[in-house]
Amino acid sequence: MSDKKYIVSGDGLPKWSNPISHAVVVNNMCFVSGQLSVNVDGEYVSGSALDEGKLAFSNFFAALKNADFEKEDIVFIDIAFDDLANLPEINTLFMSLFPEGKRPVRTIYQAQALPFGGKIKITGTAVKDLD
């Protein structure tokens with residue numbers, strides 16, 4: 001396999017005001033940076049933890065799509081909350097996005113503060129099979 005590394009950009013990704021990348025691909029792995037409840041113009045969209053989680057996951061999946069990865073390639077999800085009391089809502093969302101037997105490894109934790117005063121931030125890794 002030839003070594004490849006590139007920064008992911010493309011359609012449907014929020015415009016960042018910070019010096020970070022949405023994702024980086026290295027060979028058959030895609031590392032997605034912390035996705036928030038931010039619209040394509042880079043503006044924070046406040047809402048319930050469930051609403052913010054839906055938009056953050058949408059941004060996460062958009063980064064994967066622009067990297068030519070699929071939801072099924074996700075092996076690890078890291079979720080930071082502003083309040084772990086929101087975990088039941090996010091568990092329901094997580095189960096709807098990832099059916100039993102196809103769920104990636106997941107870590108969760110409560111952060112003291114998240115960017116924009118948000119309620120959730122989602123980071124993760126996807127790996128394509130080597131054929």
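Here is a short dialogue on reading a predicted model.

Q: Which secondary structure elements does the protein have, and what pattern do they follow along the sequence?
A: A good start is to list the elements, then read their order. The protein has two helices and six strands, and along the sequence they run β-β-β-α-β-α-β-β.

Q: How does the radius of gyration of the protein agree with that of a compact globule?
A: The idea is to set the value beside what the chain length would give. For 131 residues, a compact globule would have a radius of gyration near 14 Å, and the protein has 14 Å, so the two agree. Along the principal axes, the C-alpha atoms fill a box of roughly 45 × 35 × 25 Å.

Q: What share of the contacts in the protein is between residues 24 or more positions apart?
A: Here we look at contacts by their separation along the sequence. Of the contacts with a separation of 6 or more, 69% are between residues 24 or more positions apart.

Q: How much of the protein is buried, and what makes up its accessible surface?
A: Let's take the two in turn. Of the 131 residues, 39% count as buried. The accessible surface comes to about 7200 Å², and carbon and sulfur atoms hold 53% of that surface.

Q: Where is I20, and is I20 buried, partly exposed or exposed?
A: We can place the residue first, then read its accessibility. I20 sits in the loop between strand 1 (5–8) and strand 2 (23–26). Its relative accessibility is 46%, which lies between the 20% and 50% cut-offs, so I20 counts as partly exposed.

Q: How far apart are the mean positions of the positive and negative charges?
A: For the 12 positive and 17 negative charges of the protein, the mean positions are 1 Å apart.

Note on methods
Residues numbered from 1 in each chain as written. Predicted model: local features only at pLDDT ≥ 70, side-chain atom pairs only at ≥ 80, totals over all residues. Heavy atoms only, no water. Helix = DSSP H or I, 4+ residues; strand = E, 2+ residues; numbered from the N terminus. Rg over C-alpha atoms; globule rule 2.2 N^0.38 Å. Buried < 20%, exposed > 50% of the residue type's maximum accessible area, 1.4 Å probe, protein only. Contact = heavy atoms within 4.5 Å. Areas by Shrake-Rupley, 256 points an atom, 1.4 Å probe, with all protein chains shown as cover. Lys, Arg positive; Asp, Glu negative; His and termini not counted. Charge placed at Lys NZ, Arg CZ, Asp CG, Glu CD.
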